[in-house]
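Trainee: Before I use this entry, I should like to understand the reasoning behind the terms used to describe it. Could we go through them one by one?

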Amino acid sequence: MSTSREALPVAERVAGDTLMELRDVEVHFQLRTSALARLIGGAGATVKAVDGVNLTLRRGEVLGLVGESGSGKTTLGRALLGLVRPTSGAIRYAGQDIGRLPERKLRRLRRKLQMVFQDPHAALNPSMDLQTAIGHPLRIQKLVRNRAEERARVVEALERVGLTPPEQFLTKLPAELSGGQKQRAVIARAIICGPELLVADEPISMLDMSVRARVLELMLELKRDMDLTYVYITHDLATAKFFCDRVAIMYLGRVVEVGPTDQIFSDPKHPYTRALLAAVPDPDPERQVPRDLPRGEIPDAAAPPHGCAFHPRCPKAFAPCGWEARDLRAMFERRWVRLGEEAYAEEAPLVSALDGVDPGQEEARLPVPSGRTAEELVRLFDAARQEAPDDPIWRGVARVAAEDGAVVVRFHTGVDPAPVPVDQVSVACHLYDPRLRPPA
Amino acid sequence: MATPTVPPPTLVVAPTTGRTRLRRVLRGIVRPLRESHGVARFMLVTGLAVTLLMVGLAAFAPVVAPYGFNQVADADGTRFGNHVPPGADHWFGTSVQGLDVFSRVVWGARTAVAVVLLALAFSLFIGVLLGIVAGFVGRWLDRALVLVMDALYALPALLLAIVVAFLLSEYVGGGVTTAALAITAVYVPQYFRVVRAATVSAKEQTYVEAARAMGAGPVTIMSRYLLGNVVHSVPVIATLNAADAILTLAGLGFLGYGIQPTEAAEWGYDLQRAISDAGAGIWWTGLFPGAAIVLLVLGLTLVGEGLNETTNPAIRVRRLLPVTIPRRLPEQDGEETR
Amino acid sequence: MTDPSSRSRVEVRPVRGPAAGPPPSGPVLTVRDLRVWYGTESGPVRAVDGVSFELWPGETLGLVGESGCGKSTLGRGLLGLLPAGAKVAGSARYRDTDLVTAKPREIRALRGPHLGLIFQEPLTRLNPLLRISDHFEEALRAHEPDLSDEEIRRRALEALRSMGIPPTRYRAYPHEFSGGMRQRIMIALALVLRPSFVVADEPTTALDVLVEAQIIRILADLRRNYDTALLFITHNLGIVAEACDRVAVMYAGRIVEQGPVRDVFARPQHPYTRELLRSTISLSTTGLHYIPGAPPDLVQPPSGCRFHPRCPQAMRVCRERFPRATTVGEQRVECWLHGPRELIPDGGDEPLVREEAGVVDES
């Protein structure tokens with residue numbers, strides 16, 4: 001059973017009027033602090049799940065939102081449907097700003113904007129049989145007059161998604177279906193009202209390998225037959241490459257690179273995109289495990305890195321990327337992992353001031369502990385630099401100097417990366433900013 | 001070989017969804033009985049038998065009881081006599097006022113079952129409704145309701161019932177309804193808590209979000225998507241509450257509140273009247289009503305605990321079916337010889 | 001006998017703890033005809049139904065298959081972690097002990113210094129109330145009681161260092177780490193006792209792509225530095241290609257093909273392996289491909305070869321007789337396409353006509 005991706009004429013694939021436009025969309029969540037902190041006082045941290053996204057969605061295209069956990073792709077997907085309110089920015093659809101609409105008006109729009117969820121086992125009401133579950137959107141949107149009409153449309157939807165014979169499935173409960181069947185039921189429920197936009201949040205990641213292709217094929221068929229527009233949210237680059245026309249790579253709430261699929265995959269520009277591509281597991285046994293993976297992990301979204309969120313992990317980071325005191329601490333931790341416990345025991349007391357440092361400090365002031373001298377501390381920095389001169393942090397350090405009883409490390413000023421157009425792709429990376437680009 | 005004749009696929013008319021749903025509900029009720037085993041099964045079966053016996057007595061009271069609950073004389077006017085010991089005429093004897101104890105016990109069963117059923121219905125309705133609304137809506141409404149419910153829950157049950165019965169008796173009289181409402185007040189918080197907790201967690205489920213994505217309003221979500229999924233633990237709680245309610249009712253009657261003796265027979269009231277008899281060596285006026293209380297409470301508790309063991313996924317012990325793996329037969333061997 | 005040259009050709013420098021004993025000359029684990037059946041109302045579920053393989057020191061064997069094939073049951077069965085009611089038959093020899101017939105006490109003694117386990121979700125192993133240091137101390141003290149406090153701390157920090165976890169985090173609680181770091185801590189905990197044999201049950205499934213790649217790289221490095229044999233259970237073929245030396249493909253409770261990863265993926269001999277590889281969507285995929293039908297019912301598996309209802313190359317004999325395991329190069333396959341010709345009856349190699357096979361339940 002094979003389906004190859006039809007080579008639709010390029011004009012049809014790319015052109016199309018604008019279906020939805022996102023301008024500076026931000027979705028911030030207030031973190032609830034612990035009970036004790038609430039008693040004592042003090043505000044909780046803010047998680048900037050989506051931190052300034054500009055995107056245009058064209059009718060008939062498949063836009064991929066690709067990112068790892070914490071990238072904000074799921075939150076953004078929900079914001080497109082009005083399930084989550086943006087704290088600022090605009091989402092324009094059909095001449096209205098969805099983010100500002102009252103709930104009642106939004107409900108009517110839901111006919112046109114639908115969602116397919118990640119976990120098929122949780123997306124269906126366990127106590128509703130398929131006929132009720134799939135037909136319910138019709139009732140809610142008042143699109144049918146009586147039960148017979150509803151049943152007929154449900155049967156039609158079931159046939160469309162391949163759950164045949166439909167009569168057999170009408171009375172089944174979700175618990176009686178397999179994962180693939182459940183997901184098809186979810187898709188049937190999503191298309192039964194005839195939507196324009198379908199947001200698919202990792203629709204196949206919880207299905208078996210041999211079933212995934214089938215569901216993807218179904219989604220492609222439906223797109224052709226019903227003239228749908230998809231937003232395909234995933235962390236799996238392989239399926240994104242196959243399925244999407246355009247791809248937006250997200251990291252910690254921002255879009256770092258967006259452009260046509262073939263461009264992104266053949267010539268990735270942002271270092272994060274490059275890393276993602278290199279890390280995709282491939283059953284081809286000739287491929288080797290990539291050696292230059294970015295270090296570290298996705299940072300805490302409540303306290304994101306200064307400047308470019310990817311800079312602590314980026315192998316190509318340089319001066320304007322947003323270096324701060326926390327990066328110093330991370331650098332020392334890496335050093336101690338390499339050198340062992342003796343080095344840690346000796347050096348840790350010297351730099352203990354880095355333990356509780358606040359985010360965003362472009363200047364780190366380390367008081368010299370009693371019994372030690374400022375020269376020792378400066379020598380430590382020199383030794384660290386000598387031991388790992390290629391560590392990008394050194395490109396960000398402006399100067400290290402002793403100043404009345406403390407050693408002060410100053411970094412270059414960090415700049416938030418703004419999207420820069422390069423060919424047909426838009427990249428948010430200083431490496432491509434002609435004003436900031438490092439000297440060749 | 002002739003090609004097998006395959007009849008053309010016909011559009012089979014599916015059974016109406018209503019019938020399948022009813023079948024499903026019935027199956028759900030019978031399932032605990034079938035799935036239980038061991039101690040739980042014993043509890044369930046015994047409890048059900050006892051409970052059904054008492055409920056039968058209650059339902060058929062006019063037939064079973066030889067006399068009325070207030071009757072002190074025969075049809076022809078002959079008084080029964082006071083403190084007549086149990087015998088052929090009066091199986092359980094008569095009380096100090098000449099009332100037939102057996103009839104009082106049977107009519108008392110009717111009162112107890114009626115009150116408890118009514119109270120159950122009220123408290124379920126109010127508790128579940130408020131629980132879902134509080135859990136779903138959240139914010140200040142939730143906090144206010146939780147405050148009220150916690151306060152009710154913190155008050156001693158009997159005291160609360162007495163106060164409510166006292167207040168209501170002014171307006172509604174001293175009958176079954178008053179007692180039922182008094183008991184309702186005691187048990188509403190339990191259903192509220194359980195349903196609210198289940199709602200708060202069910203609210204986060206994907207299918208509820210899917211309902212929102214469909215355009216469902218809050219009422220639709222609460223009634224179609226939450227209600228069926230948050231009431232799983234209610235049957236167990238209801239049975240255990242019913243057992244407790246019997247005791248509360250008896251307590252009310254014992255203290256003189258709740259059911260007035262002119263309205264209906266009540267076991268607790270009979271017990272209270274029997275206190276002075278005990279000193280005089282008259283045992284039948286207290287023993288039988290007391291035994292009836294114990295029996296009904298025991299029956300309901302056994303049903304509740306049995307249900308809990310069977311349906312509560314946290315403590316349920318799956319029946320281990322024995323499995324024997326047959327020895328390998330040579331012709332089935334797919335192994336290479338080593 | 002499996003060709004010893006099929007094991008890892010990487011230079012092995014054994015790092016041993018006192019519990020390990022002298023290095024064995026043969027395989028670490030020899031599994032013969034292992035079966036794990038569960039009892040249910042409708043009959044016994046044959047979760048694992050006759051599995052044989054070997055695990056050599058220092059090699060990583062990938063156990064791959066879709067949901068319901070029995071790979072997790074197999075992993076847990078080897079370590080005696082099955083729920084009550086499961087019956088195990090066959091043999092799984094670790095050194096002198098048969099893990100199937102051993103008493104629970106013996107197995108408990110083996111777990112830790114000899115047998116390790118890495119779960120999918122590290123939070124199930126890490127006690128949220130204990131610091132990381134407490135975890136290590138508990139593990140080391142339980143199995144190597146003669147170690148001094150200083151030794152324990154050194155070993156623990158060493159293990160964490162090899163995972164890339166800085167010593168500054170030694171006194172932190174599990175919830176203060178991200179998912180990837182918790183998994184690395186789990187691996188460090190499993191390896192600090194230097195077991196000979198570790199079962200990793202989907203260790204990277206819950207992690208992001210980059211973190212997954214990091215963990216795979218760590219595991220790859222570990223193969224070189226430790227002598228640990230690793231049984232890597234996963235459904236992701238790409239991971240297997242990157243992290244494993246040999247692979248065993250499971251379907252419906254049986255291993256249908258096993259052999260060196262390079263060979264199996266470049267020249268798959270079993271139709272299921274081939275179809276599975278074709279169904280996997282990778283960066284080079286140009287067309288969608290899936291296997292029709294659904295995994296079989298494990299209570300009443302299909303007669304003969306379990307894959308025959310879905311196999312594009314099924315023959316008549318595939319429905320009637322269970323295939324023999326045969327060797328093709330360095331791979332072992334259970335398939336009549338390679339089966340001994342003399343055992344196929346006349347007409348048995350005709351293609352299987354689908355109608356006879358019955359209606360297949362679509363997934």
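The dialogue below takes up helix packing, burial, overall form and one chain contact.

Mentor: Please keep in mind that this is a predicted model. Let us begin with chain B, which has 12 helices and 0 strands.

Trainee: What pattern does chain B follow when read along the sequence?

Mentor: The pattern is α-α-α-α-α-α-α-α-α-α-α-α.

Trainee: Why are H4(B) and H12(B) called roughly parallel?

Mentor: Helix H4 (residues 101-137) of chain B packs against helix H12 (residues 284-311) of chain B at an angle of about 30 degrees, and the axes are 10 Å apart. Angles under 35 degrees count as roughly parallel, and H4(B) and H12(B) are therefore described as roughly parallel to each other. Their crossing is right-handed.

Trainee: Which residues make that contact?

Mentor: H4(B) contributes Val101(B), Val105(B), Gly108(B), Ala109(B) and Ala112(B), while H12(B) contributes Trp284(B), Thr285(B), Phe288(B), Pro289(B), Ala292(B) and Leu296(B). By class, the contact of H4(B) with H12(B) holds 9 nonpolar, 2 polar and no charged residues.

Trainee: What makes H5(B) oblique to H7(B)?

Mentor: The axes of helix H5 (residues 139-154) of chain B and helix H7 (residues 176-202) of chain B cross at roughly 130 degrees and come within 8 Å. An angle over 145 would count as roughly antiparallel and one of 65 to 115 as roughly perpendicular, with oblique kept for the rest. The crossing angle therefore makes H5(B) oblique to H7(B). H5(B) passes H7(B) in a left-handed crossing.

Trainee: How many charged residues does the contact of H5(B) with H7(B) have?

Mentor: There is 1 charged residue, beside 7 nonpolar and no polar ones. The residues concerned are Met149(B), Leu152(B) and Tyr153(B) of H5(B), together with Ala185(B), Val188(B), Pro189(B), Phe192(B) and Arg193(B) of H7(B).

Trainee: How do you know that H7(B) is roughly antiparallel to H10(B)?

Mentor: H7(B) and helix H10 (residues 234-255) of chain B have axes that come within 10 Å and cross at roughly 150 degrees. Since angles over 145 count as roughly antiparallel, H7(B) is roughly antiparallel to H10(B). H7(B) passes H10(B) in a right-handed crossing. Among the residues that meet are Ala179(B), Ile183(B) and Val194(B) in H7(B), and Val234(B), Asn241(B) and Leu252(B) in H10(B). The contact of H7(B) with H10(B) has 12 nonpolar, 3 polar and no charged residues.

Trainee: Let us turn to chain A. Why is helix H5 (residues 130-140) of chain A said to be largely enclosed by the rest of the structure?

Mentor: A residue is buried if 20 or more other C-beta atoms lie within 10 Å of its own. In H5(A), 8 of the 11 residues are buried, so the helix is largely enclosed by the rest of the structure. The buried residues include Leu130(A), Gln131(A), His136(A) and Leu138(A). Just after H5(A), Lys142(A) takes a positive phi of about 55 degrees.

Trainee: Why is Gln118(A) called partly exposed?

Mentor: Gln118(A) has 19 other C-beta atoms within 10 Å. Burial needs 20 or more, and exposure 12 or fewer, so Gln118(A) is partly exposed. Gln118(A) is placed in the loop between strand E7 (113-116) and H5 of chain A. Its contacts beyond four places in sequence are with Asp201(A), Glu202(A), Pro203(A), Ser205(A) and Met206(A). The C-alpha atoms of Gln118(A) and Ser205(A) are separated by 7.0 Å, although the two are 87 residues apart along the chain.

Trainee: How do you know that the radius of gyration of chain C agrees with a compact globule?

Mentor: For 363 residues, a compact globule would have a radius of gyration near 21 Å, and chain C has 22 Å, which agrees. Along its principal axes the C-alpha trace of chain C spans about 70 × 45 × 45 Å. Chain C has 11 helices and 13 strands, and 53% of its 363 residues are buried.

Trainee: How many residues do chains C and A bring to their contact?

Mentor: Chain C brings 49 residues and chain A brings 46 residues. H6(C) gives the most to the side of chain C that touches chain A, with 8 residues. That side divides into 25 nonpolar, 17 polar and 7 charged residues.

Key:
Residues are numbered from 1 along each chain as its sequence is written. Chains are lettered from A and ligands numbered from 1 in the order in which they are written. This is a predicted model: local features need pLDDT of at least 70, side-chain atom pairs count only at pLDDT 80 or more; totals for chains, interfaces and linings use all residues. Axes are lines fitted to C-alpha atoms, for helices over the stretch in contact, and angles run from 0 to 180 degrees between N-to-C directions. Helices (H or I, at least four residues) and strands (E, at least two) are DSSP runs, numbered from the N terminus. A crossing is left-handed if the near helix is turned anticlockwise from the far one by less than a right angle, and right-handed if clockwise. Two residues are in contact if their C-beta atoms, placed from the backbone, lie within 7 Å. Ala, Val, Leu, Ile, Met, Phe, Trp, Tyr, Cys and Pro count as nonpolar, Asp, Glu, Lys and Arg as charged, and the others, Gly among them, as polar. The radius of gyration is taken over C-alpha atoms; the globule rule is 2.2 Å times the number of residues to the power 0.38.
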